[in-house]
Amino acid sequence: MKRTTLGRIGAGLAVFVLATTTAACTKKGDEADGAAGKKTPEQVKVALVPGGSHPYFQPWKDAGAKAKAEFTLGDVTYNETAGWDQTKQNDVLKSLAAQGYNAFGVFGVSPDNINSTFEDLKHQGYPVASLASCPAGDANKADFCLSTDVELAAYKAAKAAIDAIGGAGNLVHLTGNKVDSNTQRRIKGVEKAVAETGGKVVLLQNVTDIDKDLQSAQKAVADLLAAKGSQIQGIVNTAYNPSVASAEGVRQAKLPIKVIAIDDDKAILDGLRDGSVAGTVLQNPVGQAYVGSYALAKIAGGCTMATPGVVIDSGSFVVTKDNVDSYETERTTTTDELKKQFDAEYLMCK
């Protein structure tokens, strides 16, 4: 099953109950005025709420503004003030609801506890999307999850790295929070690609817990290159900060290591163009925010999900020097197709 996009910080924190005393004691028919009843697009106010500040989420701002304009929504706001703390994120969501926001796209800080947050929001009558992340386990209590299939994306990244080193040699995998179930899925995807080589490629190490910030990733990469640089033919990254750090570190060290990154930081794109980065696997944060806002507005307007809690892959794309200047077209096409899929397959509207 598909789950989140990127390394997490502060997983496993306690969940603060969102419902106010009044809302918690009411029946669904007596929900707060901001949540009850079908809404026109102009009455829908969407809040896009990541777990904290991270470069991955920055495209949500423009995508939300585009959704507001194109779908004539009442408002779309972006709030990254949770500081990678689940209790703080729940407080942010409660505050936004009090301000009149009535549909929520959330990247939960704690995959193990976020379903409780989703249930509280749903109890109050708010449409909820789990964006760029799905809850741990097999249950998703949001209306839907629109996220990267992280195991598939990691598999694609490892296959690209294997191709870049000529199908034989030693790889190292750099990723995020070890205890995050999504990191374990990424490791599984990389190990699957390595296993398919029949021993021609060896995975020397999975280096975890280095996506907290760029400085942490840079130190980890410097230590890795100092200790094992001469043994490594390829580095595959499945977290944002390690991607930037390994691209910069390998270029500065002038080592013949092939780097496969993730996402499209400027340093990564520049590396693709100058040849210091062999490839990157892009995700689709724009599609998550844009299509997610569209679907939330449709649900607020009376549509329902054909399969409540369905997990939908928002897409991942391998980019090399050959398509570095044209990949956005493919990502835009995927986003347009996602919107069509919601209309044709995922949403039930009377």
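These are my notebook entries on helix packing, salt bridges and burial in one chain.

**Entry 1. Overview**

I began with the model itself, which is predicted. I counted 11 helices and 14 strands in the chain. The chain has 350 residues, and 55% of them count as buried. I then looked at contacts between residues at least 6 apart in sequence, and found that 77% of these join residues at least 24 apart.

**Entry 2. Helix 3 and helix 4**

I looked up how helix 3 and helix 4 lie against each other. Their axes are 11 Å apart, and the packing angle is about 15 degrees. Angles under 35 degrees count as roughly parallel, so helix 3 is roughly parallel to helix 4. The crossing of helix 3 over helix 4 is right-handed. On the helix 3 side I listed Q86, Q89, N90 and L93, which meet I114, T117 and L121 of helix 4. Sorted by class, this contact has three nonpolar and four polar residues, and no charged ones.

Next I asked which residues of helix 4 are buried. In helix 4, which covers residues 114-123, they are I114, N115, T117, F118, D120 and L121. I also checked what these buried residues pack against: helix 3 (86-98), strand 3 (103-106) and strand 4 (128-131). Just after helix 4 I noted G125, which has a positive phi of about 90 degrees.

**Entry 3. Helix 7 and helix 8**

I moved on to helix 7 (residues 214-228) and helix 8 (residues 240-253). Their axes are 8 Å apart and the angle between them is about 45 degrees. Helix 7 and helix 8 are therefore oblique to each other. I recorded a right-handed crossing for helix 7 passing helix 8.

Which residues of helix 7 meet helix 8? I found L214, A217, Q218, V221 and L225. Their partners in helix 8 are N241, P242, V244, A245, S246, E248, G249, V250 and A253. By class, I have nine nonpolar, four polar and one charged residues in the contact of helix 7 with helix 8.

**Entry 4. Helix 10 and helix 11**

For helix 10 (residues 285-300) and helix 11, I found that the axes come within 9 Å and cross at roughly 20 degrees. That angle makes helix 10 roughly parallel to helix 11. Helix 10 passes helix 11 in a crossing that is right-handed. From helix 10, the contact uses P285, G287, Y290, V291, Y294, A295 and K298. From helix 11, it uses R331, T335, L338, K339, F342 and D343. I tallied this contact of helix 10 with helix 11 as seven nonpolar, two polar and four charged residues.

**Entry 5. Salt bridges**

How many salt bridges does the structure hold? I have 10. Side chains of opposite charge can pair when their charged atoms come close. I followed up some of the pairs.

I looked at R331 and E328 first. Their closest N and O atoms are 3.0 Å apart, and the pair forms a salt bridge. R331 and E328 are three residues apart in helix 11, so about one helical turn separates them. I then asked whether R331 is buried or exposed. R331 counts as buried, because its relative accessibility is 6% and the limit for buried is under 20%. E328 is partly exposed, at a relative accessible area of 37%. R331 had already come up in my list for the contact with helix 10.

Then I turned to R273. The side chains of R273 and D270 meet in a salt bridge, 4.0 Å from N to O. Both are in helix 9 (residues 266-274), three residues apart, and are thus separated by about one helical turn. D270 has a relative accessible area of 31% and is partly exposed. R273 also counts as partly exposed, with 38% relative accessibility.

R273 also meets the side chain of D325 in a salt bridge, 2.9 Å from N to O. D325 lies in the loop between strand 13 (317-319) and helix 11 (327-346), and R273 in helix 9, so the pair ties together parts that are 52 residues apart in sequence. D325 counts as exposed, at 66% relative accessibility.

I went back to E328, which is partly exposed, and closed the salt-bridge notes. Through shared partners, salt bridges join K266, D270, R273 and D325 into one network.

Technical notes:
Residues numbered from 1 in each chain as written. Predicted model: local features only at pLDDT ≥ 70, side-chain atom pairs only at ≥ 80, totals over all residues. Heavy atoms only, no water. Axes fitted to C-alpha atoms, helices over the stretch in contact; angles between N-to-C directions. Helix = DSSP H or I, 4+ residues; strand = E, 2+ residues; numbered from the N terminus. Parallel < 35°, antiparallel > 145°, perpendicular 65-115°, else oblique. Left-handed = near helix turned anticlockwise from the far one by under 90°. Contact = heavy atoms within 4.5 Å. Nonpolar A, V, L, I, M, F, W, Y, C, P; charged D, E, K, R; others polar. Buried < 20%, exposed > 50% of the residue type's maximum accessible area, 1.4 Å probe, protein only.
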